[in-house]
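Student: Could we zoom in on one part of this protein and go through it slowly? I'd like to see how the sheet is put together and what sits around it.

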Amino acid sequence: MVELRGGRAMKVFEEKHPLLIEHREKELALKKSFYQWKIMAEGLPHGNSCEEASELPSEVRFSASRSNEILSTKAITGIELKLKGLLGSAEKWESIEDMKKIFWYKRTTMSDYVAEHWKEDDFYGYQFLNAVNPNVIKRCTVLPRNFPVTEEMVKPFLEKGSSLKSEMKKGNIFLCDKKKMDGIPPRTYNGETLHVTGGFCLFYMNPNNKLMPIAIQLHQQPSEENPIFLPSDTETDWLLAKMFFKSADVIDHEAVHHLMNTHFLAEVYILATVRSFPVIHPLYKLLFPHFRYTLHINTTGRTALLGPGGPLNISSLGTDGVIELMRRALSELTYSTFCLPENIAARGLESIPNFYYRDDGLKLWNIINSFVKAIVEYYYPSDREVCKDTELQEWICEIFTHGFLGNKASGFPACFHAVKDVVKFITMVIFSMTAQHAAVNNGQFDYHFWAPNGTLLLHKPPPTTKGQSSMKTIMETLPNVGETVTFAAMVRLLSEQYSDMVVLGAYPEERFDEPAPKQMIKEFQAELSYLSEAIAKRNSELEIPYTYLDPSQIENSVAT
């Protein structure tokens, strides 16, 4: 039986007719039986209970065209790699250049650029601002006690006559600290334990507005066997230090900033919405278009990424280590880190130059916020309506319980008392499922196809003394042929743009009946279009264009 209810969006306390009240209750009871919570792993956000995508209700599964395109991409990728004898090969690469031959026709301007410039320090620094993991560095005013960088060490890399202390005062020193990865047991490979380095990287914004790495310590505790590597070390020592630090960053990016913070938490928002709101609720109408394909991609992706032979399973940490990393990250997560204006301010990055993720992201945040504010205030004219909406209160309670595991210290709300709180939270949800996912996902092929620039797996132990490495060491450290192409195939699939893509702000299904929200959608679309034009104009003048937050390139949901 199919029951269709049209007309004006209705909140629960506005229903007066007994038949419609009963219909509302039955709809939610039915959806709660379809969409059930399941604990995926202790300490992680909960997910949907379906083991296979085929068990999901048809309204949230892939379209036939999307399924066919994904199968086609997988098949073409697999055939190409098999023809070349790369898939499953345990051989080591003979030379760096050989890695360029992985795919015949799947290349981008940016992936070619990365392959040519990956060794350069200014490009290494640039990636911590504008590649796929732009949320990990912060301004440094005091060095951590366990990162004993001295003035003498870094003086050659600072402006002539300057000092580390004075550059810190000017706000030109930045830090990336991977301490949450410290002490997680890596997996074993052929009987030997692999290595993950949860250390530090210090950056300097030089007078040419280039962010330069100036010191790397690969582990948290300083010792003779954990030296501080510098740009003045031998080329291969410095390159190895950068590769190990970047590998830790790639694992952190894939597991935490991509998989958990966008995919897994998106699943929480979706399940809470379909369980708490009937289709006639205004917030269901607002949110549902941003849920397209997410439950399907997550249900299949969990096994594909974390299961045997999956990219995260064969990473240096392995599945158990990756789950522990996500567990640690979730326990430290705060609401403010998910709200971009507060995130940027807390990291002291308001004025760092050439930070296009910040520039475009803040504009997008404000555009989304204005749209959400208009819709929410139309349906909730006062705080009283917010407090009266029991379905809304159940929604946020489910998210707090199943997404953030009831952690009050996180600052995430467990209930709503004011309209402004609802506006802020829904802005965060839509931003995370559209713009933030695009920022951490869409450039993965560009930056991580070229394994030496960043890979989930390194084989040799990190250097413990200086002057012992060579290009041979680097080749032995990199993943073997089969592992490299597994990672390359993953980023290819994740970065693919499909023909049925729905861009941010496009709502093919008209869910709102009233003229006012329809007009608000048109204004939202116009603002996104203006921003897209401005970004295209700026990018035309850049050596490395930043395209990931161009609204015309952002999908309306976590769909890849």
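**A close look at the sheet**

Tutor: Let's start with a single pair: Phe174 has Phe203, in strand 7, as its bridge partner. Keep in mind as we go that this is a predicted model. Move along to Leu175, and its bridge partner in strand 7 is Leu202. Both pairs belong to the match between strand 4 (residues 173–177) and strand 7 (residues 200–205), which are antiparallel and joined over five bridges.

Now look at Leu175 from the other side. Leu175, in strand 4, is also the bridge partner of Lys138. That takes us to strand 3, which is joined to strand 4 by three bridges, again with the two running antiparallel.

Zoom out a bit and you get the whole sheet: five strands in the order 3-4-7-8-9, open, with antiparallel pairing. Strand 3 (137–139) and strand 9 (228–229) are the edges, each pairing on one side only. As for what packs on the sheet, helix 4 (residues 121–130) touches strand 3, strand 4, strand 7 and strand 8 (211–217), and the direction of helix 4 makes about 90 degrees with that of strand 8. Helix 7 (residues 235–276) lies across strand 4, strand 7, strand 8 and strand 9, and helix 7 also runs at about 90 degrees to strand 8.

Back to strand 4 for a moment. Four of its five residues are buried, so strand 4 is largely enclosed by the rest of the structure. In general, side chains in a regular strand alternate between the two faces of the sheet.

Some of these pieces turn up again around the largest pocket, which holds about 1000 Å³ of space. Strand 3, strand 4 and helix 7 are among the elements that give two or more residues to the pocket's lining, and so are helix 10 (318–332), helix 11 (335–338), helix 12 (340–346) and helix 16 (419–441). Helix 7 gives the most, with four residues. The lining has 38 residues, and those nearest the pocket's centre are Asn135, Val136, Lys180, Thr337 and Arg347. Sort the lining by type and you find 17 nonpolar residues, twelve polar and nine charged.

Methods:
Residues are numbered from 1 along each chain as its sequence is written. This is a predicted model: local features need pLDDT of at least 70, side-chain atom pairs count only at pLDDT 80 or more; totals for chains, interfaces and linings use all residues. Side-chain values use heavy atoms; hydrogens and water are left out. Two strands pair if DSSP finds at least two bridges between them. Contact means heavy atoms within 4.5 Å. Axes are lines fitted to C-alpha atoms, for helices over the stretch in contact, and angles run from 0 to 180 degrees between N-to-C directions. On a 1 Å grid over the protein atoms alone, a cavity is a set of points where a 1.4 Å probe fits but cannot get out, and a pocket is an open set with protein on both sides within 12 Å along at least five of seven lines; lining residues have an atom within 4 Å of a point. Grid points are joined across faces, edges and corners, and a volume is the space filled by probe spheres set on the points. Ala, Val, Leu, Ile, Met, Phe, Trp, Tyr, Cys and Pro count as nonpolar, Asp, Glu, Lys and Arg as charged, and the others, Gly among them, as polar. Buried means under 20% relative accessible area, exposed over 50%, partly exposed in between (1.4 Å probe, protein chains only).
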